[in-house]
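Trainee: Could you take me through one part of this model in detail? I'd like a close look at a single loop and whatever it touches.

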Amino acid sequence: MRHCLPSVGTLLLATLLLSGCTLLPEREPPPPPVTSAEFQARIDRLEGAVTASCVTGQQARLDQQRQRQQALSADVREVGSLLRQLRGEVAQLGRPDDQPEATRECRDSQTRLDNKEILGRSEWIGLPGVGTYLKARIDSGATTSSLSATEITRFERDGENWVRFKLGLNDDDSVVDSVRDEWIEAPVERRVRIIQASGEESRPVISLLMTLGPLRETVQFTLNDRTHLDHPVLLGRRFLMDITVIDVAEQYLHERPEFPGGRPAEEAGADEAADRDEEEAEE
């Protein structure tokens, strides 16, 4: 009987199948299950990394914003200085040409120093928006300027806080008579807290356009009753800084401004003399 031998092809196929089984890579065992504590620890690490990244980015943005703000503030100060210089030059151009040059130089030297206006301890100011002149005490010890006001009433306009008031004046105060009892309205810029021996007080702060000699500035005033004081206006260092120098030995170095219904500037001498007489009497 004849034995049946496998064919060559059959043997080759069997060999390949056997070798293929040996070449298959072994599967890696699955990772062990994560416990709740490990999962929470991973979440905490991720939250910490995200928080640190946000804080770092926010601080960088704040630093950039602070640098831009400082640069803008410097630009504003420079522009303000240039504007004041231009106003001075324009005022000089408006002076009469027939005035002798030596006289102009002498007068300028009396009221200007290093591009700063020289002020006496008392000066005339003008309030164009109100339409009057007033006497002002120059006080570098005060931070904010102050305007005498009475019957101060708060109200709201277009969603903003405003005040309505009258000028706080005595009978002998120099003022354009037509505005003595007129109501004045202005938006409240902010409020300041004043601590005195009698207690705490909150005062509104408003902005008004003011003139003093060649100076023309928007000034912030606190409103309070100054009728018990000699001057209805006090000018503090927020206005005085960088643009004025005070000569305490002088008074009224600048002419009184003129307004419709008011007296001419040349008649201010009598009011100024009254101040000097009062000071000499006190001495």
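Mentor: Let's go through the loop between β12 and α5, then a few places beyond it.

A word on the ground rules. This is a predicted model, so local features need pLDDT of at least 70, side-chain atom pairs count only at pLDDT 80 or more, and totals for chains, interfaces and linings use all residues. Residues are numbered from 1 along each chain as its sequence is written, and side-chain values use heavy atoms, with hydrogens and water left out.

Start with the borders: β12 covers 244-246 and α5 covers 269-282, with Glu266 in the loop between them. Helices here are DSSP runs of H or I with at least four residues, strands are runs of E with at least two, and both are numbered from the N terminus.

Gln251 sits in this loop, and at a relative accessible area of 6% it is buried. The cut-offs are under 20% for buried, over 50% for exposed and partly exposed in between, with a 1.4 Å probe and protein chains only. The Gln251 side chain makes a polar contact of 3.5 Å with the side chain of Ser122. That term means a pair of N or O atoms within 3.5 Å; within protein, one must be able to donate a hydrogen and the other to accept it, and residues adjacent in sequence count only if both atoms are side-chain atoms.

Now the charges. Arg256 and Asp271 pair up in a salt bridge, 3.1 Å from N to O. Arg256 belongs to the loop and Asp271 to helix α5, so this pair ties together parts that are 15 residues apart in sequence. To count as a salt bridge, a side-chain nitrogen of Lys or Arg must be within 4 Å of a carboxyl oxygen of Asp or Glu. Both partners, Arg256 and Asp271, are buried, with Asp271 at a relative accessible area of 15%. Asp271 also forms a salt bridge with Arg263, where the closest N and O atoms are 2.8 Å apart. Arg263 itself is partly exposed, at 36%.

Glu266, by contrast, is exposed, with a relative accessible area of 65%. Together with Glu255, Glu258 and Glu267, Glu266 forms a negative surface patch. Patch members have over 30% relative accessible area and no salt bridge, and like charges are joined within 9 Å. Asp and Glu count as negative, and the place of a Glu charge is taken as CD.

Step back to the strand before the loop. Ile246 is in β12 and is partly exposed at 29%. Ile246 and Lys116 are 130 residues apart in sequence, yet their C-alpha atoms are 9.8 Å apart in space. On the other side of β12, the loop between α4 (237-240) and β12 holds Asp242, which has a positive phi of about 75° without being a glycine. Most residues other than glycine have a negative phi. Glu151, in strand β5 (residues 145-157), also has a positive phi, near 55°.

As for the wider charge picture, the whole structure has six salt bridges. Among them is Arg203 with Glu201, at 3.5 Å from N to O; Arg203 is buried at 11%, while Glu201 is partly exposed at 34%.

Technical notes. Patch = residues over 30% accessible without salt bridge, like charges linked within 9 Å, V, L, I, M, F, W, Y side chains within 5 Å. Areas by Shrake-Rupley, 256 points an atom, 1.4 Å probe, with all protein chains shown as cover.
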